[in-house]
Amino acid sequence: MKKLVLILACIAMSMSGIFAQNTCKMNVATFNLRLDTPSDSLNSWSHRKEMVKSLIRFHDFDIFGTQEGFKHQLDGILELGNYAYTGAGRDDGKDAGEHSAVFYKVNRFELLDSGNFWYSETPAVPSKGWDATCCNRICSWGKFREKKSGREFYFFNSHFDHQGKVARHNSSLLLLAKIKEIAGNLPVFCTGDFNATPDDDPIQVIYKDGKLRDSYQIAKEPPYGTLGTFNNFDLHSPCSERIDYIWVTDGIVVKKYGVLNEQQYGRFPSDHFPVMVKVSF
C-alpha cells in the first residue's frame with residue numbers, strides 16, 4: 001500500500017512538472033508612442049526616446065503592441081536589443097507612415113506567421129475606410145510560439161480611427177471577423193488604441209460578440225494606476241478616458257492589470273500611458 005501511495009505521489013509530481021513547463025507566463029503591453037512631430041517641441045520623440053526605452057526595459061515587456069510609431073521610432077526601440085517587431089507602415093504596406101507594430105523578445109518567442117490588414121472596405125491594400133478622412137488605419141498581427149512552453153498564440157495590434165464613427169464601428173466588426181478567420185481556436189491577445197471608451201459603440205460591439213475579454217475587467221487583482229490611458233502631455237489631466245485596451249480570449253488568465261502612469265521631471269514618455277498585464281495560459 002505504501003509503495004502504491006509513493007508511486008501515485010511520484011506520478012502526480014511528474015504531471016505537475018509537465019503542466020508547469022507547458023504554462024506560459026508573460027508581460028503583455030500596449031503603448032501608443034505618439035508620432036514624432038516637431039510641433040510637439042520638448043515632447044517630440046528625440047526628447048522622449050530614452051524614457052520610452054527605459055520604461056520598456058524596467059517593466060520587462062515580453063511582447064507588446066505599439067501605435068503611431070514611424071520606422072525610425074521603432075528602430076529606436078530596437079536599440080534595447082533582444083527585440084524584433086512585425087508590422088508594416090499603414091501608407092504603403094512597407095515602411096511608410098505610422099505602424100501598429102508588434103514587438104517581441106527574440107529569445108522567448110518564435111514568429112511563425114504574420115500579416116496586416118487595413119480598416120476599410122478593401123482590407124488587403126492600404127486604404128481609408130468608410131467615413132474616415134484623416135488616414136489609413138491598419139492592424140498588424142503575428143502568430144508566435146513561446147520557446148520554453150511550446151505554447152502558440154496570436155497577437156493582433158490596432159489603431160482605430162479617431163473621427164469616423166462608422167469607421168470605428170465597422171473596424172470592430174472587421175477585427176472580430178479577422179481574428180476568427182486567422183486565429184481559429186488558438187489563444188489571442190488583441191491590443192490597441194481604439195479611440196473609444198467602454199461605453200462607446202466600438203467597444204460595445206466587442207463586448208457583445210464575446211470572443212474577446214477585456215483584461216481590465218477580468219484581472220485577478222485590482223487594477224493599478226489611473227482609469228484613463230490618455231494624458232495629452234498634461235500633468236493635470238484627469239486621465240478619465242480609457243481608450244487603450246488589452247483583450248484576451250478564454251483560457252488566458254490575467255493576474256495583474258496596470259496603467260503605467262510614469263513621468264520624469266514633469267515629462268511623459270508619450271501622450272498615452274502604456275497598459276501592461278501579467279498573464280498565464
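User: In the hairpin of β6 and β7, which residue takes a positive phi, and how many residues lie between the strands?

Analyst: Strands here are DSSP runs of E with at least two residues, helices are runs of H or I with at least four, and both are numbered from the N terminus. In this hairpin five residues lie between β6 and β7, and Gly150 takes a positive phi near 80°. The model is a predicted one, in which local features need pLDDT of at least 70 and side-chain atom pairs count only at pLDDT 80 or more, whereas totals for chains, interfaces and linings use all residues. Residues are numbered from 1 along each chain as its sequence is written, and side-chain values use heavy atoms, with hydrogens and water left out.

User: How many bridges join β6 to β7, and how many join β7 to β8?

Analyst: Two strands pair if DSSP finds at least two bridges between them. β6 and β7 run antiparallel and are joined by seven bridges, with Phe153 as the bridge partner of Phe144. On the other hand, β7 and β8 run parallel with six bridges, and Ser158 stands opposite Gly192 in β8.

User: Is β7 mostly covered or mostly open?

Analyst: In a regular strand the side chains alternate between the two faces of the sheet. Of the eight residues in β7, seven are buried (under 20% relative accessible area, with over 50% exposed and partly exposed in between, for a 1.4 Å probe and protein chains only). Helix α4 lies across β5, β6 (138-146), β7 (152-159) and β8, and runs at about 160° to β7.

User: What is the strand order in the sheet that holds β7, and which strands stand at its edges?

Analyst: The sheet is open, has six strands with mixed pairing, and follows the order β5-β6-β7-β8-β10-β9. Because β5 (109-118) and β9 (213-214) each have a single partner strand, one side of each is left without a neighbour in the sheet. Further along, β8 (188-193) pairs with β10 (244-248) in the antiparallel sense over five bridges, where Thr191 stands opposite Ile246.

User: At what angle do α4 and α5 pack?

Analyst: Axes are lines fitted to C-alpha atoms, for helices over the stretch in contact, and angles run from 0 to 180 degrees between N-to-C directions. α4 (residues 165-183) and α5 (residues 201-209) pack at about 30°, with axes 8 Å apart. That makes α4 roughly parallel to α5 (under 35 degrees; over 145 is roughly antiparallel, 65 to 115 roughly perpendicular and the rest oblique). Contact means heavy atoms within 4.5 Å, and residues including Leu173 and Leu176 in α4 meet residues including Val205 and Ile206 in α5.

User: How does the pair α2 and α3 cross, and in which hand?

Analyst: The axes of α2 and α3 come within 9 Å and cross at roughly 40°, which means that α2 is oblique to α3. Their crossing is right-handed (the near helix is turned clockwise from the far one by less than a right angle; anticlockwise would be left-handed). Among the residues in contact are Val52 and Ile56 of α2, with Gln73 and Ile77 of α3.

User: Which strands does each of these helices lie across?

Analyst: α2 (residues 45-59) lies across β1, β2, β3 and β12 (275-280), at about 160° to β1, while α3 (residues 71-78) lies across β2, β3 and β4 (102-105), at about 150° to β3. β1 (residues 25-32) and β2 (residues 63-67) pair in the parallel sense over five bridges, and Thr30 stands opposite Gly65 in β2.
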